[in-house]
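The following note sets out points for a colleague who has the model at hand. It deals with confidence, then with charged pairs, and then with enclosed space.

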Amino acid sequence: MEKETKEVTNGKSSIFFTDTQIPSSYSLSNQFAENLEFRLVRDRITATGEDAYFALSLAIRDRLVRKWLRTQHEYIEKDVKRVYYLSLEYMMGRLLGNALINMDFYNECYEILKEDGYSLEEIREFEHDMGLGNGGLGRLAACYLDSMATLELPAFGYGIRYEYGIFDQEIENGFQIEYPDNWLQSGNPWDIPRRDLQYRVKFYGKSNRTQNPDGTYKFEWIETEDVLALAYDVPVPGYKNNTVNNLRLWQAKAGKDFSFKDFNAGNYVAAVASKTDSETISKVLYPNDSYVEGKFLRLKQQYFFVSATLQDIIRKYKINHDNFEKFSDKISIQLNDTHPVISIPELMRILIDEENLSWAKAWEITTKTFAYTNHTVVPEALEEWSLSLFEELLPRHTQIVFEINRRFVDHLKKNYTKDEKILSKLSIINEKDGKAVRMANLAIVGSFAVNGVAALHTEILKTRIFSHFHKIYPNKFLNVTNGITPRRWLREANPFLSKIITEKIGDSWLKNLDNLKLLEKHIGSKNFYESWRSAKWFNKKMLVNYIESENGITVNPDSMFDVQIKRFHEYKRQLLNIFHLITLYNRIKDNPSIEMVPRTVIFGGKAAPAYFMAKVIIKLINSVAKVVNNDPDVDNKLKVVFIRNYSVTLAEKIIPASDLSEQISMAGLEASGTGNMKFALNGALTIGTMDGANIEIREEVGDENIFIFGLLADEVLKLRNDGYNPEEYYEKNENLKRIIDMIGSDFFNKKESGIFKPVIDELLNKDYYCLLADYQSYIDTQDKVSKLYENVDEWTTKSILNVARVGKFSSDRSIGEYAEKIWKVKPVKIQSS
């Protein structure tokens with residue numbers, strides 16, 4: 001697209017229609033009708049709600065394309081510095097509502113559909129969430145794309161167009177069962193295939209070395225197995241401006257579709273085997289890497305994605321440049337976690353082997369181009385690849401990684417230390433337990449900036465996880481706290497509350513979230529409090545209807561909605577939440593007439609298919625729910641709900657209805673979290689540990705407006721170093737012992753004896769995530785939550801203050817910091833005509 005635009009526009013003042021040149025028949029109403037008739041071949045009698053969704057989405061996409069073409073044209077003509085954001089995940093959610101808000105078409109489309117007998121809210125339900133992500137990493141990337149466009153930054157996202165998402169989650173007999181997430185089954189109106197953009201991606205083969213006349217060596221990667229990467233583009237609009245950036249997704253295509261030789265010989269499966277194997281690369285998000293085949297496929301995905309991306313970036317750079325002297329001046333590449341880090345040796349390979357640059361020049365360019373975002377403080381989670389696997393799949397890259405490491409270690413010996421233990425820890429090659437390539441180490445060595453995603457997280461990186469690297473490269477490390485886009489997470493997700501806020505302070509908060517502080521002027525206003533509570537009640541009522549429809553459980557909308565929705569992992573401690581609800585259940589059983597704040601405890605989230613313990617915890621939640629929800633003594637005092645198949649769209653239903661946000665990971669393990677920000681922005685109060693961005697939320701909203709409990713990160717380390725014995729806590733705390741004994745004695749699963757034994761064994765023998773140590777502090781704090789909830793006005797005051805004081809957590813602020821501190825990129829104003 002970019003190349004053709006450049007060629008056509010040379011010497012011409014304008015190649016685009018101006019707004020006055022667009023025919024009047026091009027109205028949204030007319031185009032909606034034309035799309036139904038000519039693209040979908042429907043009339044008003046045969047058209048379905050899904051047809052209306054596609055017709056409207058295509059009409060909106062056409063308007064996006066006009067601005068999109070202008071945006072790309074401006075970037076090329078002005079030869080601006082560009083940012084390329086590489087992420088293996090994008091949890092985009094549904095795109096129609098977000099596009100309507102950002103382009104200011106929401107009300108117009110509402111009226112168009114109403115005239116034709118459709119409801120905009122109903123037809124939006126036909127859109128599938130794009131199956132491009134799993135957890136916070138992917139949702140963060142999606143928020144950042146929105147903010148880049150809103151801030152008018154010349155930025156592009158790159159990822160993979162997975163045919164199947166992570167999986168569809170069903171609950172059968174309380175267990176998570178995975179089914180394919182065929183999100184493309186009905187088609188996708190938002191992505192545009194770029195058939196002219198296909199790149200060849202190589203695997204396997206061998207590296208061939210020949211000597212040049214001047215004594216230097218030439219390397220060539222030969223005898224490879226090749227796959228084609230086909231581009232699909234998704235337009236990303238900024239909020240109420242003319243910028244439309246691009247998310248480019250790669251789909252794998254076979255270099256050779258069909259073997260007539262095999263087919264004619266009767267080998268029908270073999271005839272298409274090459275096509276099937278090649279296209280598996282973009283088939284599924286996160287294949288199970290418990291097996292060697294899954295590991296190969298995972299690494300293939302990562303290299304496929306970055307190889308096609310770098311070829312595309314270099315193609316665009318060459319539109320305006322015939323050498324690489326300005327490459328790092330015109331390009332910054334942000335690596336979202338370690339998944340795209342293979343792009344560092346890939347750029348080196350291209351510059352040295354294909355562009356004939358020297359090692360020194362190629363390394364200078366590479367280390368001025370890449371920046372790396374780390375998303376974990378768990379050393380075991382830092383990605384490593386078996387050297388044998390890496391070498392088989394990417395033989396030339398293995399040579400390059402070894403040479404990077406040799407030079408790096410030589411530098412350390414001369415300038416830092418000769419201590420073999422330290423050198424072994426810093427080496428890109430892990431020599432222990434079978435050699436492996438440490439991707440985080442490679443990222444730090446090959447990048448000009450390394451950032452954490454919350455203040456505590458970054459401090460842990462500097463002082464604990466990468467302490468030696470920080471001493472070597474003190475100026476590389478910095479913090480950029482994560483953020484969320486208010487356009488989706490307040491305006492779109494919570495129209496009731498958004499309307500109340502805008503009526504009081506105007507709508508400037510949508511682009512400057514700090515302006516929510518103006519709400520504090522209305523603290524104490526009786527009418528404002530009533531409106532605020534009404535918005536929450538309407539959201540709760542809609543969620544009640546959804547739960548009744550999907551789960552068959554009747555929920556009291558006046559109960560406290562106590563919510564924990566996130567990926568299932570032991571460190572996120574959904575199990576601690578279960579302990580609290582069993583504590584409440586036991587209080588009711590001990591005294592059925594007890595007066596207590598009614599609670600609805602809501603869980604949602606998926607466990608990785610191979611993560612046994614996380615799946616057992618999901619089963620435990622559903623087993624406890626079955627007992628609690630069917631016990632007549634409990635009545636409406638307590639309900640437990642597991643909402644299956646958690647997604648961005650479900651989060652938009654659940655978060656606005658929530659009263660209490662559970663952010664209870666063990667301190668020192670959550671890098672940041674963004675769910676905590678979304679809940680606070682929608683008026684929920686947080687109960688949490690001093691972990692991740694909880695710390696900064698507490699600083700912003702005030703200690704009196706958040707519920708903090710549990711051990712601090714340093715206290716966790718001390719507890720372990722002193723010899724943590726979880727059984728001591730079990731023996732000394734009567735309520736805790738009772739809960740563990742109930743689970744261990746099959747109280748909640750009388751017909752499935754022993755299925756929760758692994759949970760009990762883990763807790764009593766190890767309890768790595770310190771649930772037993774934090775239990776009593778958590779229960780005491782939950783009691784404070786209940787007491788406050790009874791004081792309606794005080795709870796409302798704290799709810800309003802949470803919303804008013806979380807302006808810092810806008811993704812616009814985050815991206816502004818990336819642009820200023822790391823990318824050094826400036827906004828580009830796109831004119832409407």
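1. In this predicted model, the side chains of R124 and E121 meet in a salt bridge, with 3.2 Å from N to O. Both residues belong to helix 6, which spans residues 120–124. They stand three residues apart, about one turn of the helix. The two partners may be considered separately for burial: R124 is buried, with a relative accessible area of 11%, whereas E121 counts as partly exposed at 38% relative accessibility.

2. The overall confidence should be stated alongside any such detail. The mean pLDDT of the protein is 93, and 94% of its residues reach 70 or more. Residues 1–13 call for separate mention, since their pLDDT is below 50. Beyond near neighbours in sequence, this stretch has 25 contacts in the model.

3. How many salt bridges does a search of the whole structure find? The search returns 60. The pairs discussed in this note are among them.

4. A salt bridge also links D233 with R248, the closest N and O atoms being 2.7 Å apart. D233 lies in strand 8 and R248 in strand 9 (residues 244–254), so the pair ties together parts that are 15 residues apart in sequence. Are these partners buried or exposed? D233 is buried, with a relative accessible area of 0%, and R248 counts as buried at 1% relative accessibility.

5. In helix 11 (residues 292–320), R315 and D312 are three residues apart and therefore separated by about one helical turn. Their side chains meet in a salt bridge of 3.1 Å, N to O. Both R315 and D312 are buried. Salt bridges that share partners join R194, D233, R248, D312, R315 and K316 into one network. The pair of point 4, D233 and R248, is thus to be read together with R315 and D312 as members of that network.

6. On enclosed space, the structure holds six cavities of 30 Å³ or more. About 170 Å³ of space lies in the largest cavity. Its lining comprises 17 residues, and M92, L95, N98, V236 and R488 lie nearest its centre. Helix 4 (96–102), helix 7 (136–150) and strand 8 (225–237) are the elements that give two or more residues to this lining. Strand 8 is also the element in which D233 lies.

7. What is the chemical character of the residues that line the largest cavity: nonpolar, polar or charged? They divide into 11 nonpolar, three polar and three charged residues.

8. The second largest cavity contains about 110 Å³ of space. It is lined by 14 residues, and the closest to its centre are E570, L575, I617, L763 and L771. The elements that give two or more residues to this lining are helix 24 (574–590), helix 25 (612–629) and helix 32 (757–765). Helix 32 gives the most, with three residues.

9. The lining of the second largest cavity divides into eight nonpolar, two polar and four charged residues. E570 is one of the residues closest to the centre of this cavity, while R488 is among those nearest the centre of the largest cavity. A colleague inspecting the model may wish to view both linings with these residues displayed.

Terms used: Residues numbered from 1 in each chain as written. Predicted model: local features only at pLDDT ≥ 70, side-chain atom pairs only at ≥ 80, totals over all residues. Heavy atoms only, no water. 1 Å grid on protein atoms, 1.4 Å probe; cavity = no way out; pocket = protein on both sides within 12 Å on 5 of 7 lines; lining within 4 Å. Points joined across faces, edges and corners; volume = space filled by probe spheres on them. Helix = DSSP H or I, 4+ residues; strand = E, 2+ residues; numbered from the N terminus. Nonpolar A, V, L, I, M, F, W, Y, C, P; charged D, E, K, R; others polar. pLDDT = per-residue confidence, 0-100. Contact = heavy atoms within 4.5 Å. Salt bridge = Lys/Arg side-chain N within 4 Å of Asp/Glu carboxyl O. Buried < 20%, exposed > 50% of the residue type's maximum accessible area, 1.4 Å probe, protein only.
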